[in-house]
Amino acid sequence: TTVDNSGAFSVNGIDVTSLGDGTLTLSVTLTDAAGNTSSASTTTVTKDTVNPSVNAGVDVSKRSTHTTSTTVSDAAPSSGIASYLWTMTSGPGTISFVTPNAVNTDLSADTDGTYVIRLTVTDIAGNSSFDEFSLVWDTVVPTVSAGSDITTNNPFIQVGTVNDPTPSSGIASIVWSQVSGPGTITFGTPNSVTTTVSANTD
C-alpha cells in the first residue's frame, strides 16, 4: 500500500497521519468483549509525501526535430515514478511530441516562434512536479551582405551586414572564406562581420 500527501491517512482503520515518511509496518490485533484475541495481521505501508524532482532541460533554438535531455528523480521514501507527460503551455502553433508519456521525447513545431514546453512527473503516491523550457522554433534563414565590390592594391577593411529576422534565434557563426581567385586571400578576423582582407597575388 502506498499513501500520498493528500490529507489524513488511514490504513485498515489505523490513522498514520502523524507518522513520518517511509516504510511503515502496521499490526492489527482483534480482541472481543470476553478477552479472546486473534492472531495479529501486518500491513506494510509506504508513506510518501515528497514530490519528485524534474529538470526538463535547457532553453533551445531549433529548426528541426529536438530531442529532450531530461533528469528525473524520486527522493526517499521513493514510491517510484508513475507517469510522465509532455505538454505545450504556450506558443504560436502546435508542438508534436513523438513519445509524450516518456521521460524523453522528440518534438517539433509547425509554426515559427517561441514555445514553452512542460514536463509533468507524478510518482505512484500521487505527488507531482513539473519543469519547463523555452523552445525558439526558427526556420527563417538569416540575411547577409558581404559588402560592395572593391578594386585596390592594398589590404583593406571589408564591412559585411548580417540580420536574423523574426523569430530570431540569434547568429551562431560568421565565416569569411575565399570562393575563387588566382592566389590566397588572408582574413584578419574571419569569424567577425568586419574583417581586414589582403591578397598575395594580383
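Here are three short exercises on the pockets and one surface patch of this predicted model.

**Exercise 1. The largest pocket**

Find which strand gives the most to the lining of the largest pocket, and describe that lining.

*Solution.* Start with the space itself: the largest pocket has a volume of about 560 Å³. Next, look at its walls, which are formed by 24 residues. Nearest the centre lie Ile-150, Phe-156, Ile-185, Val-197 and Ala-199. Now turn to the strands: β16 (156–159), β18 and β19 (194–199) each supply at least two lining residues. With three residues, β19 gives the most. Finally, sort the lining by class: 10 residues are nonpolar, 12 polar and two charged.

**Exercise 2. The second largest pocket**

Work out which residues lie closest to the centre of the second largest pocket, and which strand has the largest share of its lining.

*Solution.* This pocket holds about 410 Å³ of space. Of its 25 lining residues, Pro-142, Val-162, Ile-171, Ala-172 and Ser-173 are the closest to the centre. Both β7 (60–62) and β15 (143–145) supply at least two residues, and the largest share, three residues, comes from β15. By class, the lining has 12 nonpolar, nine polar and four charged residues.

**Exercise 3. Following Ile-171**

Locate Ile-171 in the chain and decide whether Ile-171 is buried, partly exposed or exposed.

*Solution.* First, find the place: Ile-171 sits in the loop between β17 (161–163) and β18 (185–187). Then check the relative accessible area, which is 41%. Buried means under 20% and exposed means over 50%, so Ile-171 is partly exposed. Last, look at the surface: together with Val-144 and Val-162, Ile-171 makes a nonpolar patch of about 260 Å².

Technical notes. Residues are numbered from 1 along each chain as its sequence is written. This is a predicted model: local features need pLDDT of at least 70, side-chain atom pairs count only at pLDDT 80 or more; totals for chains, interfaces and linings use all residues. Side-chain values use heavy atoms; hydrogens and water are left out. Patches are made of residues with over 30% relative accessible area and no salt bridge: like charges are joined within 9 Å, nonpolar side chains (Val, Leu, Ile, Met, Phe, Trp, Tyr) within 5 Å. Accessible areas come from the Shrake-Rupley method with a 1.4 Å probe; for residues, only the protein chains shown count as cover. A salt bridge is a side-chain nitrogen of Lys or Arg within 4 Å of a carboxyl oxygen of Asp or Glu. Helices (H or I, at least four residues) and strands (E, at least two) are DSSP runs, numbered from the N terminus. Buried means under 20% relative accessible area, exposed over 50%, partly exposed in between (1.4 Å probe, protein chains only). On a 1 Å grid over the protein atoms alone, a cavity is a set of points where a 1.4 Å probe fits but cannot get out, and a pocket is an open set with protein on both sides within 12 Å along at least five of seven lines; lining residues have an atom within 4 Å of a point. Grid points are joined across faces, edges and corners, and a volume is the space filled by probe spheres set on the points. Ala, Val, Leu, Ile, Met, Phe, Trp, Tyr, Cys and Pro count as nonpolar, Asp, Glu, Lys and Arg as charged, and the others, Gly among them, as polar.
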